[in-house]
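Here is a short briefing on one protein chain. Look at the structure first, then read the points below.

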Amino acid sequence: MSNPEIEEIPIRDNMIRLGQVLKLASLVEDGVEAAELIKGGLVKVNGEIDERRGRQLHHGDTVTVNGRTVRISTPAGA
């Protein structure tokens with residue numbers, strides 16, 4: 001089994017919330033869909049299911065939904 005390609009998602013600040021990442025990366029259409037996926041246990045952060053929509057994500061964190069993975073990239077890189 002090969003690793004799925006990981007897409008870099010640049011953000012302008014040092015932190016972004018999980019619900020915002022899902023919208024920014026076009027993994028969901030809106031906040032309602034983001035909330036449903038998160039509550040349903042269908043979103044993984046760094047490989048583990050996370051049900052907190054307000055979870056803070058930082059440089060290098062990954063988010064996986066429906067087999068698609070994105071990685072957070074900040075300007076400072078840290």
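Strand S3 (residues 43-45) and S4 pair in an antiparallel manner over two bridges. Two strands count as paired if DSSP finds at least two bridges between them. Strands (E, at least two residues) are DSSP runs, numbered from the N terminus. This is a predicted model: local features need pLDDT of at least 70, side-chain atom pairs count only at pLDDT 80 or more, and totals for chains, interfaces and linings use all residues. Residues are numbered from 1 along each chain as its sequence is written, and side-chain values use heavy atoms, with hydrogens and water left out.

**The sheet**

- Five strands make an open sheet with mixed pairing, in the order S1-S7-S6-S3-S4.
- Strand S1 (6-10) and S4 are the edge strands; each has a single partner strand, so one side of each lacks a neighbour in the sheet.
- Val 45 has Glu 48, in S4, as its bridge partner.

**Salt bridges between S1 and S7**

- The structure holds four salt bridges. A salt bridge is a side-chain nitrogen of Lys or Arg within 4 Å of a carboxyl oxygen of Asp or Glu.
- Arg 68 and Glu 7 meet in one, at 2.6 Å from N to O.
- Arg 68 lies in strand S7 (residues 68-73) and Glu 7 in strand S1, so this pair ties together parts 61 residues apart in sequence.
- Glu 8 and Arg 71 form another, with the closest N and O atoms 2.7 Å apart.
- Glu 8 is in strand S1 and Arg 71 in strand S7, 63 residues apart, so to speak of distant parts of the chain being linked is apt.- Glu 7 is partly exposed at 35% relative accessible area, and Arg 68 is partly exposed at 31%. Buried means under 20% relative accessible area, exposed over 50%, and partly exposed in between (1.4 Å probe, protein chains only).
- Glu 8 is partly exposed at 39%, and Arg 71 is partly exposed at 28%.

**The loop between S4 and S5**

- Arg 52 lies in the loop between strand S4 (48-49) and strand S5 (56-57). Asp 50 lies in the loop between S4 and S5.
- Asp 50 is buried, at 5% relative accessibility.
- Arg 55 forms a salt bridge with Asp 50, the closest N and O atoms being 2.4 Å apart. Arg 55 is partly exposed at 21%.
- Asp 50, Arg 52 and Arg 55 are joined into one network by salt bridges that share partners.
- Beyond neighbours within four places in sequence, Asp 50 is in contact (heavy atoms within 4.5 Å) with residues including Leu 18, Ile 38 and Val 43.
- With the same neighbours left aside, Arg 52 is in contact with Leu 18 and Ile 38.
- The C-alpha atoms of Arg 52 and Arg 17 are separated by 9.3 Å, and the two are 35 residues apart along the chain.

Technical notes. Helix = DSSP H or I, 4+ residues; strand = E, 2+ residues; numbered from the N terminus.
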